Amino acid sequence: KAAANKLAIAGVGVAATALTAFGVAAFKAGMEMEPLKKAFFDLTTNSDELLESLNKSTGGVVSNLDLIKSSNQALMLGIKQNKLPEFFEIASKLGKATGRSVSEALGDITLGISRQSKMILDNIGIVINTEEAYRKYAESIGKTTSTLTENEKSIAFQNEALEIGRTKAEALTFATDGGTDAVLRGKKAWDDFKTSVGVNAFNAL
């Protein structure tokens with residue numbers, strides 16, 4: 001009986017420790033989410049619908065915290081809101097094909113496009129000929145490459161990345177909804193729950 005009591009006490013101790021750890025992690029996630037979510041709603045229109053669309057684009061495997069963080073970064077670096085869902089879908093598919101996590105791939109496509117970095121986009125298999133991208137866009141608006149503004153060059157690069165990424169993503173034939181995705185969806189559900197608890201706790205202060 002004494003041994004059983006000791007085990008029970010030990011079990012309670014383990015549960016209390018786990019609960020405390022969860023509470024700390026949840027509160028930290030909530031503190032991080034609050035300013036990110038506010039910025040997301042400031043930067044976007046129809047924000048809830050956009051978040052739902054981004055969840056669908058990434059197969060429901062990325063936490064809302066990471067989706068909002070990646071979206072804010074992309075928007076502040078000049079990527080238009082209406083292009084986010086397709087860019088995120090491309091990043092998701094190409095990330096799987098190149099061994100990158102969806103979150104890593106989102107970072108690659110966001111930074112690669114905003115900085116016009118061919119090296120970063122190489123990580124997910126998007127290889128761009130910058131001069132060709134400029135030439136094509138210049139022709140489409142009746143200008144020459146030499147007269148393109150920096151903003152127009154940015155648009156040209158973004159359009160080319162989207163076209164190449166779309167073509168490569170459409171060519172992939174592997175299953176995009178396997179056992180790994182099921183595990184990641186479970187992790188997302190847990191992360192979103194943890195963040196929700198943290199946000200509620202944070203707002204209750």
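This is a short walk through one protein chain, from its overall make-up down to a few single residues.

What you have in front of you is a predicted model, so please treat every value I mention as computed from that model. The chain has 205 residues. Nine helices and zero strands were assigned in it, and along the sequence the pattern is therefore written as α-α-α-α-α-α-α-α-α.

Some totals next. Of the residues in the chain, 38% count as buried. The accessible surface is about 11400 Å², and carbon and sulfur atoms hold 59% of that area. If you take the contacts with a separation of 6 or more, 67% of them join residues 24 or more positions apart.

Let me start with helix 3, residues 64-76. This helix has 13 residues, and at 1.5 Å a residue it should span 18 Å. Its end C-alpha atoms are 18 Å apart, so the model agrees with the expected value. The buried residues in helix 3 are Leu 65, Leu 67, Ile 68, Ser 70, Ser 71, Asn 72, Ala 74 and Leu 75. Just past the end of helix 3 comes Gly 78, with a positive phi of about 105 degrees.

Now helix 5, residues 102-114. Helix 5 also has 13 residues. From first C-alpha to last it reaches 18 Å, close to the 18 Å expected at 1.5 Å a residue. Its buried residues include Val 102, Leu 106, Gly 107, Asp 108 and Ile 109, and Thr 110, Gly 112 and Ile 113 are on the list as well. What covers them? The cover includes helix 3, helix 4 (84-98), helix 6 (118-122) and helix 8 (150-171).

One residue of helix 5 deserves a stop, and that is Ala 105. Is Ala 105 buried or exposed? Its relative accessible area is 0%, which is under the 20% cut-off, so Ala 105 is buried. Neighbours within four places in sequence aside, Ala 105 is in contact with Ala 91, Gly 95, Arg 100 and Ile 124. Ala 105 and Phe 88 lie 17 residues apart in sequence, and their C-alpha atoms are 8.5 Å apart in space.

After helix 5 we come to Gln 116, which sits in the loop between helix 5 and helix 6. Gln 116 is not a glycine, yet its phi is positive, about 50 degrees. With a relative accessible area of 24%, Gln 116 falls between the cut-offs of 20% and 50%, so it counts as partly exposed.

There is another loop residue to set beside it, Asn 46. Where is Asn 46 found? Asn 46 is in the loop between helix 1 (2-43) and helix 2 (47-57). Its phi is near 50 degrees, again a positive value in a residue other than glycine. Asn 46 has 56% relative accessibility, which is over 50%, so Asn 46 counts as exposed.

Last, Asp 192, in helix 9, residues 179-204. Why does Asp 192 count as buried? Its relative accessible area is 19%, and buried means under 20%, so Asp 192 is on the buried side of that cut-off. Leaving out residues up to four places away in sequence, Asp 192 touches Ser 63 and Asn 64.

To recap, we have a chain of nine helices and zero strands, with Ala 105 buried in helix 5 at 0% and Asn 46 exposed at 56%.

How values were computed:
Residues are numbered from 1 along each chain as its sequence is written. This is a predicted model: local features need pLDDT of at least 70, side-chain atom pairs count only at pLDDT 80 or more; totals for chains, interfaces and linings use all residues. Side-chain values use heavy atoms; hydrogens and water are left out. Helices (H or I, at least four residues) and strands (E, at least two) are DSSP runs, numbered from the N terminus. Buried means under 20% relative accessible area, exposed over 50%, partly exposed in between (1.4 Å probe, protein chains only). Contact means heavy atoms within 4.5 Å. The expected span of a helix is 1.5 Å times one less than its number of residues. Accessible areas come from the Shrake-Rupley method with a 1.4 Å probe; for residues, only the protein chains shown count as cover.
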